[in-house]
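Trainee: Could you take a close look at one loop residue with me, and then show me how the rest of the chain fits around that picture? I am new to this, so please go step by step.

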Amino acid sequence: MNHQDCFVVGVDFGTASVRAAVIRIADGREVASATYKYQCGVDGCLHDAANPLVARQNPEDYLNGFAQTVREALDVAAQSGGVDKDNVLGIGFDTTGSTILPVLRDGTPLVFLDEFKNNPNAHIWLWKDHSGWAEAEEITATAKKLRPEYLDLVGGIYSSEWYWSKVLHCLRLDKPVFDTAYTWIEVADWLLFTLTGGTDVADAVRAICPAGHKALFDRDWGGYPADDFLGSLSPDLLRLKATLDPHRVHHAGTSGFMLSQEWTAKFGLPKPVMVAIPAFDAHYGGIGAGIKPGILVKTIGTSTCDLMVSPLSRGKLVVPGMAGIVRDSILPGYYGIEAGQSAVGDIFNWFVNIVRPCNQSYGDLSTAAAALQPGESGLLALDWMNGNRTILVDQRLSGLILGLTLHSKPAEIYRALIEATAFGARVIHDQMEANGLPIDKVIVCGGIPRKDSLFMQIYADVVNKPLFISRNSETCALGGAIAAAVITGAYPSFEHAIDKMTGVLDTVYRPIPENVTTYKRIYELYRQMHDSFCSSGSVGDLSRVMKDLMDIKDETSRRDEVILSGTPAPEQRARRILPVEALRTI
């Protein structure tokens with residue numbers, strides 16, 4: 001059989017839904033797809049009204065979503081795409097992270113037991129559960145004393161989003177849950193264990209991506225953190241560590257795992273297929289977008305993740321504030337560098353659906369915001385409504401809108417929120433480039449880039465780089481499919497598969513020079529605010545920030561008056577009055 005005439009399946013487990021796509025191996029084109037929205041809680045998330053830092057999920061949503069989307073996508077591919085299911089060779093998938101759950105030794109989630117079914121602590125602890133912030137601070141302080149090299153792996157600060165802070169918080173919050181669990185496992189690893197018919201979670205394979213970026217795994221110090229380090233946090237963590245076999249940690253290029261007969265039947269496949277080692281959604285999104293040295297891939301959705309790779313031959317980099325610099329975590333043979341923002345799309349959802357400004361829709365706000373010039377509103381926001389993931393790594397930071405007056409309009413606030421997320425992205429870019437990671441090209445993927453041209457143009461102007469969009473609408477799922485194509489032998493390496501299976505759209509968002517100039521001035525004010533709230537506690541002089549914003553606003557107004565009173569150049573007029581959709585062509 002010619003592998004190039006065959007197909008693979010990629011599955012992307014997001015924060016609120018799961019998406020499956022059938023992908024042609026020859027060119028990476030999507031043949032069919034299906035989506036399942038999680039049913040439990042609000043958009044699949046269980047919250048605690050008394051503690052906004054809590055975010056949990058039900059593993060049943062993952063199992064149901066996996067079975068339904070893969071089967072539906074395969075059926076559609078067979079019926080309308082002419083795909084012979086016998087020619088489906090493998091499956092690869094991703095999840096969010098660090099998204100973990102407590103399980104028994106046979107892999108049963110504790111929440112499936114009657115005694116724990118109503119206990120949120122026995123559910124999945126979603127990546128954006130920040131309830132372990134105090135434990136994260138303690139882990140950071142302990143590492144500084146005992147193992148400072150651990151912090152080099154994660155940019156200098158351990159996060160409440162990650163593995164050890166979550167399990168340590170549960171240990172102190174709900175010891176019966178911690179004591180009943182045999183181990184705590186990433187959802188990605190639990191799904192691999194489940195799909196391949198695992199019976200003893202002691203033998204479960206753990207993916208290098210979550211282990212390295214979230215659980216302080218590094219082969220340089222023998223795998224997981226040392227006993228004296230974990231024991232100083234709590235002796236109970238040593239029992240947990242004993243369930244984590246460092247020899248069972250593998251990268252995405254590792255083959256040899258087959259779909260069980262039970263799941264083969266659930267998917268409606270005629271025979272078992274190979275299953276790739278999973279990764280986090282953004283990491284497989286990096287592969288699906290075509291990541292290479294010098295390319296920054298931004299996966300933009302409810303939050304963002306920024307990824308780069310660096311050849312192992314360059315040696316390990318130390319980049320303060322990054323969410324991990326891990327060998328083989330994205331591509332085998334490279335260090336994977338991860339950064340990101342804890343909220344982007346979630347900020348806009350909050351403003352539109354919770355604040356509900358004059359009941360205006362996204363379309364209403366975007367159209368009005370697109371008519372504004374950079375700096376025209378006089379507003380500046382900080383994008384920390386869900387804390388700061390990079391580079392401050394402080395989940396107790398919160399959002400801020402500066403410059404509000406009695407004349408501020410909803411569209412002005414909406415645009416300021418988009419600009420705030422763009423400024424946060426610029427901080428990450430600057431940090432990478434200042435620490436030996438030059439950015440030659442930026443490729444974006446996720447839902448927002450494909451449907452919000454105003455967002456994309458603002459980002460291009462703020463970061464001052466052209467922005468390319470990944471060709472495949474399900475880029476993360478494509479990354480999983482590429483991993484499946486490699487382990488089945490269809491391609492000899494990830495590099496070959498990426499060259500054949502990825503691409504970008506024709507649409508390119510290019511910086512507008514005068515917008516770049518204005519945003520550079522506003523970004524300097526953003527950095528003053530940003531740096532004044534860093535954990536060092538050194539607050540700078542902010543006395544000029546509001547006044548400088550007003551100066552920029554006044555200059556913008558005077559420039560508009562000149563344009564409106566005279567005969568503007570065609571390109572100036574276009575930039576002022578074109579609808580949102582037209583911005584993508586400028």
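**A loop residue and its surroundings**

Mentor: Happy to! Let us begin with N87, which sits in the loop between α1 (59-80) and β6 (88-95). Keep in mind that this is a predicted model. Is N87 buried, exposed or something in between? Its relative accessibility is 22%, and because buried means under 20% and exposed means over 50%, N87 counts as partly exposed. To get a feeling for distance, pick out W184 as well: N87 and W184 are 97 residues apart along the chain, and their C-alpha atoms are separated by 36 Å.

Now follow the chain onward from N87. Strand β6 covers residues 88-95, and the loop between β6 and β7 (100-103) holds S98. Look closely at the backbone here, as the peptide bond from G97 to S98 is cis, with omega near 0°. A cis bond also links T390 to I391, this one with omega near 10°. I391 belongs to the loop between β18 (380-382) and β19 (400-402).

Loops hold other backbone details too. L216, in the loop between α7 (208-214) and α8 (227-233), has a positive phi of about 60° although it is not a glycine. N464 is not a glycine either, and its phi is also positive, at about 60°; look for N464 in the loop between α16 (453-463) and β21 (467-470). How do their surroundings compare? L216 has a relative accessibility of 2% and so counts as buried, whereas N464, at 43%, counts as partly exposed.

Another loop residue to visit is T243, between α9 (236-241) and β11 (249-250). With 7% relative accessibility, T243 counts as buried. What lies around T243? A polar atom of its side chain is 2.6 Å from the backbone oxygen of L240. If you set aside the neighbours within four places in sequence, T243 is in contact with Y182, T183 and R206.

For a contrast, turn to helix α12 (residues 345-355), where I354 is found. I354 has a relative accessible area of 62%, so it is exposed. Which residues join I354 in a nonpolar patch on the surface? They are W350, V355 and M385, and together with I354 they have about 360 Å² of accessible area.

Finally, step back to the whole protein chain. Its secondary structure comes to 21 helices and 22 strands. Of its 586 residues, 60% count as buried, as L216 does and T243 does. The chain exposes about 21,600 Å², and carbon and sulfur atoms supply 52% of that area.

What about the overall form? The C-alpha trace spans about 75 × 60 × 50 Å along its principal axes. A compact globule with 586 residues would have a radius of gyration near 25 Å, and the protein chain has 24 Å, so the two agree. Contacts tell you how the chain is put together: among those between residues at least 6 apart in sequence, 73% join residues at least 24 apart. As you turn the model, try going back to N87, in its loop between α1 and β6, and find W184 at a C-alpha separation of 36 Å.

Note on methods:
Residues are numbered from 1 along each chain as its sequence is written. This is a predicted model: local features need pLDDT of at least 70, side-chain atom pairs count only at pLDDT 80 or more; totals for chains, interfaces and linings use all residues. Side-chain values use heavy atoms; hydrogens and water are left out. Patches are made of residues with over 30% relative accessible area and no salt bridge: like charges are joined within 9 Å, nonpolar side chains (Val, Leu, Ile, Met, Phe, Trp, Tyr) within 5 Å. Accessible areas come from the Shrake-Rupley method with a 1.4 Å probe; for residues, only the protein chains shown count as cover. A salt bridge is a side-chain nitrogen of Lys or Arg within 4 Å of a carboxyl oxygen of Asp or Glu. Helices (H or I, at least four residues) and strands (E, at least two) are DSSP runs, numbered from the N terminus. Buried means under 20% relative accessible area, exposed over 50%, partly exposed in between (1.4 Å probe, protein chains only). A polar contact is a pair of N or O atoms within 3.5 Å; within protein, one must be able to donate a hydrogen and the other to accept it, and residues adjacent in sequence count only if both atoms are side-chain atoms. Contact means heavy atoms within 4.5 Å. The radius of gyration is taken over C-alpha atoms; the globule rule is 2.2 Å times the number of residues to the power 0.38.
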